[in-house]
Amino acid sequence: MGMTDVLIVGAGPTGLVLACDLARRGTAVRIVDRSPAPPRTSRAKGPNARSLEILDDLGVAEEVLAAGSAPLPMLKYRDRLPVAETDPWADSSPSPDAPYDRGWVIAQWRLEEILRDRLAGYGVRVELGREVTGLGEGPGGRHVDVTFAEGRTDRARYVVGCDGAHSSVRKLLGIGFEGATAEDQVMVCGDVDLADGALDRTRWHQWFDEDGAVMLCPIPGTRTGWWFQAGPERDGRGRPLAPTADGFRRLLDHHTALPGRALTRAELLSTYRVNVRMADRFRAGRIFLAGDAAHVHAVAGGLGMNTGIQDAFNLGWKLGLVLAGHAGPELLNTYEEERLPAAARTLDLTSERLRATLEAIRRPGGGLDAAITSDTAGLGVGYRWSSLARGLAEAPQAGDRLPDASDASDADGRAARDSDRPAPQAGDRAPDAPCLDAATGARTRLHRVFAGPRTTVLGFGPGSAAVLREVAAAYGDAGVRTCRVYAAHEDRAAFGPGAAVVDAEGHAAAAYGTTASDGRGTGTGTGTLVIVRPDQHLGLSAPADDSRSVRAYLLRLHGGPRSAEGAAEGSADRFSGIGGRHR
């Protein structure tokens, strides 16, 4: 009977992001899916701005951008005539702390293909046609016995159910999935082909009439493919009819100026009902839930897949550190602690956006742009209430409001960080910032420095140098990296171990609310130390002379120091002043 570290059930975007994150850590990971072939689904229309940052960290953002397209302006019709055009992103532009100012449009199957290819690069392939039918705790609770439909039983130290709204893992665990299904809020969907030239492919076309609606969005990477969404046909008693190709043609005839025959193919037909449900817990012992298996909500705002991707990115580094023996198993408690409230807020946000959209489309010119706000970019999601943020300087306590996107960007998406804005707090997303590599002068960004499965300690100001040296000596590059952030005027002739960047335009200091030095480069300012978790959220921001807080935080995540080969043992001993590994 084989044993693996983590068995992931479900190979959609959530499961694939988690598998990629674990595989690059060297974790023994398997991913199974009950489908006999990779599902060719187009349900989600693409990653939002925060998910693009995560995909960038995983090394696939460029391929995703190349395979998809920017979000399109929306052309709205009433009674078959165009009445309004709206570009929700017209006033948006990248900012120093957020280089992705909008999401991206890509078919879900294509995104999954890119992630599967990345995973295969780590030697891991999705095991198709593998349905989980049983889960049991092994002797002493040290592993999970997983039974498959063919009768085989395997073992895993941890199992993660990423198997969708009808999750077998959740059902086997008996975890409640409380909420409601709005039977009257129904939409029929499918992938269709329209006759070449039938519609302008540079627009997302939306017909909203008093008796129904049709929406057609071009599928990137195709010449004639479109996403079709519509209010359903109904029978004589008002009950929605199942979607069919002929039904789609009749809806086209009824609502648009296109003849029904313009629709030449229809597949992947489905009926969507508004479901707002959440699991009452995201963990049962060594088994976790993520993505739609843990929460489903209204489609408005496009946050379903994106919330699952954030689940995966939150859980991956925690499993990796625990399995490597660096962190105690209690670190895994913070997954539910952080992600359950974030998912609950997403349910509220999407329900509110759905109400706003349903209200908007009653009026000529209203459309799906009503669902898009700064919140739906995902950049404001943070965990200030988390125990990983408590007990630190100025960290809010449980019960404080959840951060929202206004904490990260102005409503129009332009740069929001300036000297008048407060510094980000523990739990917040770590801002990006353009800078220069101190050694080569090449342009880079802080998120490039953070990329990869490690914790990062940033040091601003000359006063941070001593602690950065201690961290580098204590941990080498084993899970922790250091990076000195120099102001443009600072002397950097002899920067020590670790990475170093030059904050040439001051964006990093502005984003993190730091003062790099006293303004003359003489080093009388103490400076600031910032710990960035592997999921690009702030763990700690402290004065540069507060080495004790840095030690304590790294001890919790990475255990006792592990000196790099040849490092002075005295440095490691000094850094480990508060004692052994956290358990």
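**View A. Helix H2 against helix H7 in the predicted model.** The axes of H2 (residues 49–57) and H7 (residues 304–323) come within 9 Å and cross at roughly 40°. That angle makes H2 oblique to H7. The crossing of the two helices is left-handed. H2 contributes Arg-50, Ser-51, Ile-54 and Asp-57 to the contact. From H7, Asn-306, Ile-309, Gln-310 and Phe-313 meet them. By type, the residues of this contact divide into 3 nonpolar, 3 polar and 2 charged.

**View B. The whole protein.** The secondary structure comes to 13 helices and 23 strands. Of the 583 residues, 54% count as buried. Among contacts with a separation of 6 or more, 70% are between residues 24 or more positions apart.

**View C. An open sheet of 7 strands.** The strand order is E18-E17-E21-E20-E19-E22-E23, and the pairing is mixed. Strand E18 (443–445) and strand E23 (538–543) are the edges, each pairing on one side only. Neighbouring strands are turned by 30° against each other on average, direction ignored.

**View D. The E17–E18 hairpin at one edge of the sheet.** Strand E17 (residues 434–437) runs antiparallel to E18, and 3 bridges join the two. Pro-434 stands opposite Arg-445 in E18. The hairpin has 5 residues between its strands. In the turn, Gly-441 has a positive phi of about 80°. E17 also pairs with strand E21 (residues 499–503), in the antiparallel sense, over 2 bridges. Here Asp-437 of E17 has Val-501 of E21 as its bridge partner.

**View E. Strand E20, buried on both faces.** In E20 (residues 480–487), 8 of the 8 residues are buried, so the strand is largely enclosed by the rest of the structure. In a regular strand the side chains alternate between the two faces of the sheet. One side of E20 carries Val-480, Thr-482, Arg-484 and Tyr-486. The other side carries Arg-481, Cys-483, Val-485 and Ala-487. Both arginines of E20, Arg-481 and Arg-484, are among the buried residues.

**View F. Strand E19 between E20 and E22.** E19 (residues 455–460) runs parallel to E20, and 6 bridges join them. Leu-458 of E19 stands opposite Cys-483 in E20. With strand E22 (residues 528–532), E19 pairs in the antiparallel sense over 5 bridges. On that side, Val-457 has Ile-531 of E22 as its bridge partner. Helix H10 packs on the sheet here, touching E19, E20 and E22. The direction of H10 makes about 160° with that of E20.

**View G. Helix H10 against helix H12.** Two packed helices are described by the angle between their axes and the distance between the axes. For H10 (residues 465–475) and H12 (residues 547–558), the angle is about 25° and the axes are 11 Å apart. That angle makes H10 roughly parallel to H12. Their crossing is right-handed. On the H10 side, Val-467, Val-471 and Tyr-475 make the contact. On the H12 side, the residues are Ser-547, Val-550, Leu-554, Leu-555 and His-558. The residues of this contact divide into 6 nonpolar, 2 polar and no charged.

Key. Residues are numbered from 1 along each chain as its sequence is written. Side-chain values use heavy atoms; hydrogens and water are left out. Axes are lines fitted to C-alpha atoms, for helices over the stretch in contact, and angles run from 0 to 180 degrees between N-to-C directions. Helices (H or I, at least four residues) and strands (E, at least two) are DSSP runs, numbered from the N terminus. Angles under 35 degrees count as roughly parallel, over 145 as roughly antiparallel, 65 to 115 as roughly perpendicular and the rest as oblique. A crossing is left-handed if the near helix is turned anticlockwise from the far one by less than a right angle, and right-handed if clockwise. Contact means heavy atoms within 4.5 Å. Ala, Val, Leu, Ile, Met, Phe, Trp, Tyr, Cys and Pro count as nonpolar, Asp, Glu, Lys and Arg as charged, and the others, Gly among them, as polar. Buried means under 20% relative accessible area, exposed over 50%, partly exposed in between (1.4 Å probe, protein chains only). Two strands pair if DSSP finds at least two bridges between them.
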